[in-house]
Amino acid sequence: MERATLIVNASAGRRKALQTLVPALMQVLERAGVRSNALLTTAAGEAQSLAADAATSGSDAVFACGGDGTVHEVLQGLVGTTAALGVVPLGTANVFARNLGLALDPVRALQQQLNREPRAISVGEACYATSGSEQKKFFIVMAGAGPDGALVYRLLAGKRSRLGRSAYYGHSLRLFLTRKFPAFRVEYRSNESSEWVERRGVGVICSRVPNLGGIFRRLAMESSATDNKLLLSIVKPPAGIGLPAWFAFSYLTLNAKNPWLEQVRVSEFRCTPLEQNHRIHAELDGEWIGHLPMSARLLPQAVSLLMPPLKREDIPHHGTV
Ligand SMILES: Nc1ncnc2c1ncn2[C@@H]1O[C@H](COP(=O)(O)OP(=O)(O)OP(=O)(O)O)[C@@H](O)[C@H]1O
């Protein structure tokens, strides 16, 4: 690595002393002989263009300094470029950083990645519409619809950063007790030439990481960023049984035995409401994107990620990220 850019989301997580942290991060890079620059975002969404510009102007690595939302934005700017994605955890949940085995101390996490190698990984590509216009976005942690979409929508209005991860749990419980989750249509196929299979679900997640963190950590443990398929978890109706059963069975690591859950590895899937007035929330990497319909597919070898050197015994399909 010769040149690196740090893209810093000052609004991520709890308040941090960025005036001392950013120079400390740059010092780590410079001591390792890496020319660096740091850019602070001034608005939501800006990290995407900053990352794309950094990649085209010669950065070998672009570090998303923030939480999963910042990683998500930086990813949008890096897909299709040769610059490697790195992560400095400054967010609330930091799910992606945890799955990469990074320390939650930002300086330590950056030091760890200096010894890593860029390796191409596949990411999800989701299509949906906002205000009538088609949108396409990549995801690297997860895509979801139903309860988790409603959760991130609820968190948008709250003070998630100040309350930390406990906000996620409180809102999850409140949502479950107070909201109805109508069933929607879920269609998937395992490869481009196979038939579409149609199901009903009250919730869907497609996770690219095995550990979704905290109380969600066992919901999709079979996932992996190196998987060449998307692992789709479909929670069957009714929500009053399917959702608690999902938590209970996954807590006992018995997902495969849960009759209200279907887990299937697919190449693409699409979710559509059964009735026009059903507003079913959807999210990508913990960022609210609007309502169904949404479709998603796997984009092979889409981005370079700084990963630990491969060991002999590493099996691409089953390792953590
Ligand atoms: N300068 C900024 N001002 C306001 N919002 C910003 C700015 N830069 C980025 N954002 C937005 O901040 C939001 C939260 O960022 P991020 O997800 O990285 O932190 P977090 O929510 O604390 O962490 P996590 O997602 O890991 O729980 C993102 O939606 C991003 O678009």
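Setting aside residues up to four places away in sequence, I7 touches L39, T41, A47, L50, A51, V62, F63, A64, C65 and V74. The model in which these contacts are found is a predicted one. I7 also belongs to the largest nonpolar core, a set of 88 residues, where I7, V62, F63, V74, L85, V87 and C206 are the members that touch the most others. Strand β16, residues 294–307, supplies the largest share of this core, with six residues. Because domain 1 (3–115) and domain 2 (124–300) both contribute residues, the core lies between the two domains.

Helix α1 comes next. This helix spans residues 18–31, 14 residues in total, and its first and last C-alpha atoms are 19 Å apart, close to the 20 Å expected at 1.5 Å a residue. Its buried residues are V22, L25, V28 and L29. These four occupy an arc of only 115° around the axis, which means that they sit on the same side of α1. The general geometry accounts for such spacing: an α-helix has 3.6 residues a turn, so residues three or four places apart point the same way. The packing partners of the buried residues of α1 are three strands and a helix, namely β1 (3–8), β2 (35–40), β4 (84–89) and α5 (106–114). On the face of α1 turned away from the buried side are the exposed residues Q19, T20, P23, A24 and R31. After the helix comes G33, which has a positive phi near 80°.

A further element to consider is strand β14, residues 281–284, which is covered on both faces. In a regular strand the side chains alternate between the two faces of the sheet. In β14, H281 and E283 lie on one side, A282 and L284 lie on the other, and all of them are buried.

Strand β14 pairs with two other strands. With β7 (residues 142–145) it runs antiparallel, joined by three bridges; within this pairing, A143 has L284 of β14 as its bridge partner. With β15 (residues 287–291) the arrangement is again antiparallel, and four bridges join the strands. Here E283 is partnered by W288 of β15. The hairpin formed by β14 and β15 has two residues between the strands, and D285 adopts a positive phi near 55° in this hairpin. Both L284, partner of A143, and E283, partner of W288, are thus among the buried residues of β14.

Notes:
Residues numbered from 1 in each chain as written. Predicted model: local features only at pLDDT ≥ 70, side-chain atom pairs only at ≥ 80, totals over all residues. Core = buried A, V, L, I, M, F, W, Y, C linked by C-beta atoms within 7 Å. Buried ≥ 20, exposed ≤ 12 C-beta atoms within 10 Å, placed from the backbone. Domains from an automatic or database assignment. Contact = placed C-beta atoms within 7 Å. Expected span 1.5 Å × (residues − 1). Arc of directions from axis to C-beta. Pairing = 2+ DSSP bridges.
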